[in-house]
Structure formats: C-alpha cells, structure tokens
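Biologist: I am new to this structure and should like to understand how its parts fit together. May I put some questions to you, one at a time?

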Amino acid sequence: MENTPWNKVLRRTLSLHSAISTTPSFAERAERAKLVDGTRLRVIGRGNCGTVFEVPGTHTRRARTKGPSRTMRISPTRPARPSSRPRPGSKPSSPMFPSPGSPKVYGWVPCAEMDTWWEKNHARFPEQDNERGFLFQVQRILPLPEDSRTALVRNYFPTQAQTSALEDPENKACLVRPYLGKRRSKRELDNPQDTLRNYPLYMDQLEDMGADIFQFAKEMAIGLAIVHWQAGLDGMDMEFAIGSATMDTDLPAVVPRFKRVKPFCVPAGDFKRRQTHLWMLDFDRAQKLDFERWKVARKHMVTAVTENDPYFPDPSATSSMDRDTWKKFEEAHVTASEHILKLRNLP
Ligand SMILES: Nc1ncnc2c1ncn2[C@@H]1O[C@H](COP(=O)(O)OP(=O)(O)O)[C@@H](O)[C@H]1O
Ligand SMILES: [Mg+2]
C-alpha cells in the first residue's frame with residue numbers, strides 16, 4: 001500500500017458506508033431544482049440499450065415520503081419492463097448483513113400515455129438526446145463526491161489531461177467499477193480511461209490505495225446471492241458501481257400505488273448527508289432462472305459470471321491477496337445463499 005495523500009482520500013471516500021460531505025454545488029443544484037417546475041434533464045449515463053438522464057430535485061405532493069434524486073431512463077429501441085422483473089436488491093442495508101443497493105423503479109410511462117407525455121416533456125431533454133421512446137423512472141445512484149473525483153484524476157489521469165478532466169461537467173456523474181477479478185496489464189496501463197463515468201478500479205489499484213477489498217468482495221458475494229436466489233435471475237451483464245446514497249433513503253421497496261405514481265413526483269432526499277455504497281444495476285440482459293431445470297440454470301449462472309466484466313474475484317489468481325479475496329467472496333456467497341434459501345424454504 002502506498003500512503004500518498006490521494007490514496008488516503010480514495011481509501012476514505014470509497015470506504016463502504018462511510019459518511020461523505022458533498023460539494024455545495026451538487027447539493028444546492030438539487031435543492032434549487034426541488035422548487036423549479038420543468039427542470040431540464042441531463043445525460044448521466046449511456047449504455048447499449050438506452051440513455052440515462054438525471055432528474056434533479058422533486059415535485060412531490062407527498063411530503064411524508066423521502067428518497068434520493070431520480071434517474072429517468074429512456075430507451076428508444078424497446079419498451080422497458082420494470083414490472084415484469086423481481087427487484088434483485090433493496091436499499092443499502094444494515095451493516096449486520098450489508099448488501100449492495102439496487103435502484104428502485106418508481107414508475108414508467110404507459111404506451112397509451114406516451115404521445116401526451118412526450119408532447120409535454122419533449123423540451124426538457126437535450127436536443128441531441130430527445131428521440132421519443134419508451135422510458136421509465138428509477139432511483140438515482142448518486143455520484144461520488146468531489147474529493148474522490150479529484151483524487152482519481154490526480155492519481156490516474158495523464159498529467160496533461162488532468163485539468164480538463166477536473167473541469168469537465170460530465171465527470172461529475174462519477175461512479176467507480178470495482179474490478180476485483182483483474183489487475184491492470186500493459187494494455188490497461190497504456191490505455192487509461194479518460195472519463196470518470198464508470199471509472200474502473202482494478203485489484204492492483206485497490207490494493208495500492210489500501211481499500212477494504214474484503215468488504216467489497218463480501219458485499220458483492222451477498223449481492224450475487226440475492227440476484228440468484230431471491231430474484232431468481234442469472235445476472236447476465238449486471239454491473240456493480242461504487243457511488244453514494246442519501247442517508248435518509250427510507251422509501252419502501254415497493255412504492256405504494258406504484259402504477260399511479262407519475263414520473264417526477266417521487267421526492268428527493270437530503271443531498272448534503274450522503275454515504276458511500278456499493279450498487280448493483282443494469283438487469284436488461286438478466287434472464288429468469290428455471291430451477292426445475294437445474295443444469296440449464298447452473299449453466300446460465302456460470303456464463304453470466306464468467307462473461308461479465310471482471311467484478312468478481314478470480315479463483316484461479318495466484319497472489320495471496322487475490323486468493324484471500326476469493327475465499328472471502330466464496331464464504332460470504334455460500335452463507336448468504338444458504339440464508340436466503342432457508343428463508344424461502346428451498347433445499
Ligand atoms: N440509476 C442510476 N443512477 C445513476 N446512474 C445510472 C443509473 N442507471 C444507470 N446509470 C449509468 O448509466 C449507464 C448506462 O445504464 P445501463 O442501465 O447500464 O444501460 P444499458 O442497459 O444500456 O447498458 C450505467 O453504466 C451507469 O453508469
Ligand atoms: Mg450497462
């Protein structure tokens with residue numbers, strides 16, 4: 001471990017469940033947006049299937065409920081099916097059984113209301129991203145704070161790219177992908193990623209900064225057990241991200257009168273009090289497992305793990321840190337799986 005000042009910042013701010021202070025600008029923007037109707041939407045993520053927009057603030061009529069800011073996700077190519085999927089995770093949970101959070105689905109625009117919705121809201125989208133399509137609204141994974149972003153850039157970006165990276169507003173939507181299953185090789189070292197969106201941190205970097213790698217491994221293992229045994233999904237292409245959450249995230253897992261909740265009417269939380277969390281997201285390609293056909297189900301589970309990005313520890317890695325990380329992962333996965341199966345009364 002190298003105890004440089006930037007490593008210290010990363011160790012502190014990426015530590016799961018640690019409280020973090022947010023930049024005034026983020027908190028103020030979110031607070032301000034709570035009051036302004038028709039806030040414009042900003043792109044915070046792009047994937048193969050859709051674009052993810054930030055909806056800052058709230059327009060709630062139900063002051064009682066509390067929750068973080070939301071993400072509006074739009075898919076021009078195909079309809080979202082939030083209701084057809086069991087929710088794999090829940091809110092970031094207690095330290096007794098810490099598991100990754102998974103963004104809650106708050107609502108979507110039904111087909112019959114699509115044209116009217118777009119007529120009303122088209123102007124809120126950026127010009128180059130306003131193609132009409134299906135969309136649904138999910139809880140936002142809040143980004144990492146400015147301290148982490150600065151430390152990532154100073155530590156890992158080429159010197160000549162640092163100033164522009166720190167000034168680039170796109171980099172504010174910073175989430176980190178913990179890659180416990182891989183160390184950087186020449187290829188990654190020669191081609192460092194130039195954006196903080198989905199910034200990968202490999203095992204050698206996590207080790208170098210002194211991150212609590214076992215904690216990541218255990219939470220991931222529990223997350224995967226929840227995806228497999230509670231949600232019954234293979235987890236194909238799922239992502240893990242280190243981000244943050246407001247500390248008053250207390251929405252029920254199922255939003256009451258879910259179908260009648262209109263987009264933009266879920267309240268935001270207190271953006272100034274936040275905590276670092278591990279999140280699981282992107283279940284577009286996850287398939288329901290059929291446990292009656294166990295061999296097929298098992299094959300799906302293995303493929304989903306081996307063909308995904310290297311989030312999970314590598315059982316064949318040889319360094320003692322890698323081996324110990326795998327052991328922690330395996331133990332936590334088995335314990336969590338047995339626990340869930342017992343609760344569900346499955347063998
Ligand atoms: N709820 C969310 N909060 C914040 N950022 C998100 C959220 N969902 C997705 N993103 C960001 O947007 C990116 C693309 O979204 P994703 O769901 O992975 O789309 P796709 O299925 O097209 O890959 C993610 O990798 C992540 O960085
Ligand atoms: Mg994705």
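Biologist: Is strand 10 mostly covered or mostly uncovered, and how many of its nine residues are buried?

Modeller: This is a predicted model, and every statement about strand 10 refers to it. A residue counts as buried if 20 or more other C-beta atoms lie within 10 Å of its own. In strand 10, which is mostly covered, the number of buried residues is seven of nine.

Biologist: Which strand pairs with strand 10 over eight bridges?

Modeller: Strand 1 (residues 19-21) is joined to strand 10 by three bridges and runs antiparallel to it; there, Ser-21 has Arg-273 as its bridge partner. The pairing over eight bridges is also in the antiparallel sense, and the partner of strand 10 in it is strand 9 (residues 239-246).

Biologist: Is Trp-279 buried or exposed?

Modeller: Trp-279 has its place in strand 10, which spans residues 273-281. The cut-off for a buried residue is 20 or more other C-beta atoms within 10 Å. Because Trp-279 has 22 C-beta neighbours inside that distance, it counts as buried.

Biologist: Which residue stands opposite Trp-279?

Modeller: Beyond four places in sequence, the contacts of Trp-279 are Pro-100, Gly-101, Ser-102, Ile-141, Phe-240, Ala-241 and Gly-243. Ser-244 is 35 residues away in sequence, yet the two C-alpha atoms are 8.6 Å apart. The residue that stands opposite Trp-279 is Ala-241.

Biologist: Which helix gives the most residues to the largest nonpolar core?

Modeller: The largest nonpolar core has 62 residues, and those with the most contacts inside it are Val-176, Leu-180, Met-220, Ala-221 and Ala-241. The greatest contribution, 11 residues, comes from helix 8 (residues 213-230).

Biologist: What does Met-220 touch beyond four places in sequence, and how many residues has the other core?

Modeller: Not counting residues up to four places away in sequence, Met-220 touches Phe-240, Tyr-311, Phe-312 and Phe-329. Another core lies apart from the largest one, with Val-105, Trp-108, Leu-135 and Phe-136 among its members. The number of residues in that other core is seven.

Biologist: Which element gives the largest share of the shell around ligand 1?

Modeller: The shell around ligand 1 has 21 residues, the closest being Gly-45, Gly-47, Cys-49, Ile-141 and Asp-282. Two elements give two or more residues to this shell: strand 2 (42-46) and strand 6 (134-139). By class, the shell divides into eight nonpolar, seven polar and six charged residues. The largest share, three residues, comes from strand 2.

Biologist: How many residues does the hairpin between strand 2 and strand 3 pass through?

Modeller: Strand 2 pairs with strand 3 (residues 51-55) over four bridges, in the antiparallel sense. Within this pair, Val-43 stands opposite Phe-53. The hairpin joins the two strands through four residues.

Biologist: What is the phi of Asp-282?

Modeller: Asp-282, one of the residues closest to ligand 1, lies in the loop between strand 10 and helix 9 (294-306). It counts as buried because it has 21 C-beta neighbours inside 10 Å. Most residues other than glycine have a negative phi. Although Asp-282 is not a glycine, its phi is positive, at about 65 degrees.

Biologist: Where does Asp-237 lie, and is it buried or partly exposed?

Modeller: Asp-237, which is not a glycine, likewise has a positive phi of about 65 degrees. It lies in the loop between helix 8 and strand 9. Because 17 other C-beta atoms lie within 10 Å of it, Asp-237 is partly exposed.

Biologist: Which elements help to cover the buried residues of helix 4?

Modeller: In helix 4 (residues 146-156), the buried residues are Ser-148, Arg-149, Ala-151, Leu-152 and Val-153. Their cover includes helix 1 (5-13), helix 5 (159-167) and strand 8 (199-202).

Biologist: Over which residues does pLDDT stay under 50?

Modeller: The mean pLDDT of the chain is 82, and 76% of its residues reach 70 or more. Where pLDDT is low, the predicted coordinates should not be read in detail. The model has 19 contacts beyond four places in sequence for one stretch under 50, residues 76-87. Another such stretch, with 21 contacts beyond near neighbours in sequence, is residues 263-267.

How values were computed:
Residues numbered from 1 in each chain as written. Chains lettered and ligands numbered in written order. Predicted model: local features only at pLDDT ≥ 70, side-chain atom pairs only at ≥ 80, totals over all residues. Near = placed C-beta within 6 Å. Nonpolar A, V, L, I, M, F, W, Y, C, P; charged D, E, K, R; others polar. Buried ≥ 20, exposed ≤ 12 C-beta atoms within 10 Å, placed from the backbone. Contact = placed C-beta atoms within 7 Å. Core = buried A, V, L, I, M, F, W, Y, C linked by C-beta atoms within 7 Å. pLDDT = per-residue confidence, 0-100. Pairing = 2+ DSSP bridges.
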